[in-house]
Amino acid sequence: MGTTAAADADAETETVTAGVVGGSGFAGGELLRLLDGHPNVELVQATSREYAGKSIGGVHPNLRGRELRFSEPSALESVDVLFTATPHGITMEHVEEYTDAADLLVDLSADFRLATEGQYDEWYDGHTAPEYLEVAEYALPELNRENLGDADIIASGGCNATATLLGLKPLADAGVLGSEAQRASDASSGGEPRDGADVVVDVKVGSSEGGAGGGAASSHAERSGVVRPYAPTGHRHEAEIEQWLGLSVSFTCHAVDMVRGASATCHVFPDGPVSKKELWTAYRGAYEAEPFVRLVAGGSGSYRYPEPKAVAGTNYADVGFELDPGNERVVVFSAIDNVMKGSAGQAVHAANVALGFEETAGLEFAGLHPVGSP
């Protein structure tokens, strides 16, 4: 075995210690589940102010029987990798404490997803630690794998942005959304998005996106049976999409009657003609080597196009498309589990890449079929 191969083998069998800050929420619970079963991870701490002293299984019933108990966030232990699954604004306030406690920080909030302080002024309520923005790397390996290996801070993407970007990025890279050279100077730099193809995105998302706390609109009586526009314009995830595509998009979100899942339907009106062969070339070229992206475009059977039910509980993203030549339109579909590929699964995948582990480690679950509402 050569030196490089031996080093890779050593990395894949290495074990690291991990902690989770904010382990009582939906994303935190998924992190605990994934890390508990990860072959390269020893899960040593999970924090929660509300549930300190209680077992993790008392909060997440699927984790009953585990010995780990929640501890106070103030009693943070030193670990190799620290995952933070806290509401927006918490990690930026404690980033020095968290980076002192761990060699690698993986944040699931929105605190480090954008590139510049100006973007946080526009889309959020500003940023209290802007000097760390240039250090952080976007977690989605399909977009940013080459930069994860040297990362000290990794920012997991938003679920709506993740579903949308996985659907549209191959078209951006193929020039269908406009000049690739024109967009390249803007992508991931926080520059002003430029004009290109008209892109209209409609995302339908499950109730778990609202978090374990939720609100009045997330109660079962109010949520059941709805297809409710909750962000017709101005959704914060739009900033991530425009940052990585380098052009403006028209973006709308609906809350629908499911627990897990984000389904993006993207209507693309290219500047010039596009053939189905070109679309297949773009998507196969982008995803044929990706372990967690599956192309689902037409075919036969009930599941001819991506839908969240088929990926519930998994780290997979299903992506598909149809060409509408009569209207000079490309319709792109993508579906993910918002708590997995859109949050905890993406974070673990990115950490695997950063730490040199097998990319699929701890993420091999293929889902269930048949299964009820996700």
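Helices, in the account that follows, are DSSP runs of H or I with at least four residues, numbered from the N terminus. The model described here is predicted.

A suitable starting point is the sheet. Seven strands form an open sheet with parallel pairing, in the order β3-β2-β1-β4-β5-β7-β6. At its edges stand β3 (70–71) and β6 (136–138); each has a single partner strand, so one side of each is left without a neighbour in the sheet. Within the sheet, strand β1 (residues 16–21) runs parallel to strand β2 (residues 41–47), and six bridges join the two. One residue of this pairing is Val21, whose bridge partner in β2 is Thr47. The helix α12 packs on the sheet, where it touches β1, β4 (79–84), β5 (102–107) and β7 (153–155). The direction of α12 makes about 150° with that of β5.

The helix α12 also leads to the largest pocket. Together with α2 (26–36) and α4 (90–101), α12 (340–355) is among the helices that each supply at least two residues of the lining of this pocket. The greatest contribution comes from α4, with four residues. The largest pocket has a volume of about 1,200 Å³ and is lined by 46 residues. Nearest its centre lie Ala85, Thr86, Pro87, His88 and Gly211. By class, the lining comprises 24 polar, 16 nonpolar and six charged residues.

The second largest pocket has a volume of about 250 Å³. Its lining consists of 16 residues, of which Phe26, Ser208, Val259, Arg260 and Val339 are the closest to its centre. This lining divides into 10 polar, four nonpolar and two charged residues.

Technical notes: Residues numbered from 1 in each chain as written. Predicted model: local features only at pLDDT ≥ 70, side-chain atom pairs only at ≥ 80, totals over all residues. Heavy atoms only, no water. 1 Å grid on protein atoms, 1.4 Å probe; cavity = no way out; pocket = protein on both sides within 12 Å on 5 of 7 lines; lining within 4 Å. Points joined across faces, edges and corners; volume = space filled by probe spheres on them. Nonpolar A, V, L, I, M, F, W, Y, C, P; charged D, E, K, R; others polar. Pairing = 2+ DSSP bridges. Contact = heavy atoms within 4.5 Å. Axes fitted to C-alpha atoms, helices over the stretch in contact; angles between N-to-C directions.
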